[in-house]
Amino acid sequence: HGTSKINSKGHLEIGGNDVTDLKAKFGTPLYIVDEDLVRLRCREYVAAFRESGLTFQVAYASKAFCTMAMCRLADEEGLSLDVVSDGELYTALQAGFPAHRIHFHGNNKTVEEIEMAIDAKIGCFVVDNFIELHLLNAIAAEKGQRVNVLLRVTPGVEAHTHEYISTGQTDSKFGFDIGNGSAFEAVRVASDLASLELLGVHSHIGSQIFEVEGFQMAVERVAQFAIRVRNELNVAFKVVNLGGGFGIRYVEGDTPLLVSQYVKAITDAVKTHFAGLGDILPEIWVEPGRSIVGDAGTTLYTVGTSKDIPGVRKYVAVDGGMTDNPRPALYDSKYEAMLANRANEENIETVSIAGKCCESGDMLIWDLELPKVISGDLLAVACTGAYNYAMASNYNRIRRPSVVFVKDGQADVVVQRESFDNIVGNDVIPERMKKVA
Ligand code: LLP
């Protein structure tokens with residue numbers, strides 16, 4: 001998919017770059033991002049919203065993959081940006097991302113984070129709880145500023161990827177519950193706080209969701225809430241943010257919808273359920289992360305050792321693993337992979353791909369069919385653009401790989417491979433433990 005193909009040498013090629021050349025130039029493990037595919041996904045969102053006729057913002061959920069180059073790309077594509085920490089905010093600001101299109105999330109923003117974001121004049125805070133409402137108001141007042149606010153509400157729709165449970169009261173650490181009156185109270189409080197400008201509400205029901213029913217149900221609940229708030233508190237929501245969570249295809253059997261289909265389902269539901277408000281519809285914001293960058297990412301590994309246990313299993317180890325992709329170990333996530341330097345060969349065997357960490361759970365893929373693998377082969381794991389680099393660690397003091405953006409035969413490093421100095425750079429040996437010569 002995207003710009004990926006098998007070239008005449010039987011090598012995987014992405015963005016016009018033969019992966020054997022990428023390995024020679026940048027080494028492995030290597031995160032490769034198909035820049036055109038990321039841009040295509042951004043444009044699919046924007047086009048689908050334009051089609052709907054609604055006023056909108058598409059905010060890229062930077063938690064999925066946050067680097068300065070990605071912030072530049074999101075800005076170039078006209079997207080807004082969702083950040084959840086001072087680190088993501090700092091990255092966006094360093095990249096020159098326009099502050100007024102940054103939205104700040106999180107269920108426990110610190111005083112320092114709030115101050116940093118107000119000073120930067122970000123576009124909006126998504127407020128999660130009563131303590132934060134008062135804290136934000138107080139800090140804004142002290143700075144003589146008025147800040148835009150969305151209230152994060154839990155609409156009582158829980159998405160378990162394939163099924164939706166409609167709960168009376170959602171058991172979640174996030175947001176104000178619509179069902180138990182806490183969201184209503186939050187609107188009352190927020191509209192009374194002088195340094196807050198209440199724009200509306202935000203709802204996010206989960207991630208890697210394939211069906212539209214959960215989103216439609218959330219839109220319906222939020223619309224009913226908006227109508228009640230208008231009637232009883234005389235407060236009108238200018239903005240309704242419906243979060244992210246749109247699924248992508250990792251392996252055969254995953255059945256996501258197209259971006260355009262997700263957006264149409266949501267915007268149609270908005271038109272239906274908000275009609276009760278009579279006047280103009282609110283601005284609709286969404287926050288896709290995974291569906292912007294997920295399928296554009298490929299991780300390239302070099303095969304090292306293997307262990308064949310006759311009649312049981314053959315393990316093939318690569319030069320990365322749970323440090324660059326913790327998702328299989330964390331969530332039992334499934335991935336597909338191919339032999340990237342001998343893609344057309346046919347003597348298939350079944351192998352399981354192990355990482356190099358000192359931990360039995362460090363397995364990337366179980367029971368994968370590949371042409372007979374030997375040391376030095378290249379393995380390409382697909383769909384690693386979201387929550388891979390973003391969740392990478394230095395476990396076992398392994399250095400994080402570099403990330404390259406590929407496009408039209410060009411390959412640009414957007415994150416350098418970590419150095420040994422990065423590994424020990426923050427270490428301090430107390431004076432009394434220093435080795436004497
Ligand atoms: N908005 C909010 C408020 C969120 O909490 C999230 C994701 C998103 C947007 C973006 O959701 P997306 O479109 O990417 O599904 N580490 C997990 C995923 C955690 C998602 C957390 N929140 C994984 O690797 O699957």
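This report describes the overall fold, the domains, the ligand shell and several individual residues of one protein.

The structure is a predicted model, in which local features need pLDDT of at least 70, side-chain atom pairs count only at pLDDT 80 or more, and totals for chains, interfaces and linings use all residues. Residues are numbered from 1 along each chain as its sequence is written.

## Overall fold

The protein contains twelve helices and 23 strands; both are DSSP runs numbered from the N terminus, helices being H or I with at least four residues and strands E with at least two. Its radius of gyration is 24 Å, close to the 22 Å that the globule rule gives for 437 residues, so the protein is as compact as a globular protein of that length. The radius is taken over C-alpha atoms, and the rule is 2.2 Å times the number of residues to the power 0.38. Along the principal axes, the C-alpha atoms fill a box of roughly 70 × 60 × 40 Å.

Of the 437 residues, 45% count as buried. A residue is buried if 20 or more other C-beta atoms lie within 10 Å of its own, exposed if 12 or fewer, and partly exposed in between, with C-beta atoms placed from the backbone.

## Two domains

The domain assignment, which is automatic or taken from a database, gives domain 1 (5–34 + 294–418) and domain 2 (35–292). Their C-alpha centres lie 33 Å apart. The contact between them takes 22 residues from domain 1 and 17 residues from domain 2; two residues are in contact if their C-beta atoms, placed from the backbone, lie within 7 Å. On the side of domain 1 that touches domain 2, strand 4 (30–34), strand 22 (402–407) and strand 23 (410–415) each supply at least two residues. Strand 22 gives the largest share, four residues.

## The ligand shell

There are 19 residues around the ligand, and Ser207, Gly244, Gly289, Arg290 and Tyr387 come nearest. A residue is near the ligand if its C-beta atom, placed from the backbone, lies within 6 Å of it. Helix 10 (290–293) and helix 11 (327–331) are the elements that give two or more residues to this shell. Each of domain 1 and domain 2 contributes at least three residues to the shell.

## Helix 7

In helix 7 (residues 182–192), the buried residues are Ala183, Ala186, Val187 and Ala190. They cover an arc of only 100 degrees around the axis, which puts them on the same side of helix 7; the arc is that of the directions from the helix axis to the C-beta atoms. The face turned away from this buried side carries the exposed residues Glu185 and Asp192. Among the elements that cover the buried residues are helix 6 (130–142) and helix 8 (213–233).

## Individual residues

Ala329 is found in helix 11 and counts as partly exposed, with 18 C-beta neighbours inside 10 Å. Not counting residues up to four places away in sequence, Ala329 touches Met322, Gly361 and Asp362.

A cis peptide bond, with omega about -10 degrees, joins Thr28 and Pro29. Pro29 lies in the loop between helix 1 (19–26) and strand 4.

Two loop residues other than glycine have a positive phi, as tabulated here.

| Residue | Phi | Loop | C-beta neighbours within 10 Å |
|---|---|---|---|
| Arg397 | near 55 degrees | between strand 21 (378–382) and strand 22 | 10, exposed |
| Asp408 | near 50 degrees | between strand 22 and strand 23 | 10, exposed |
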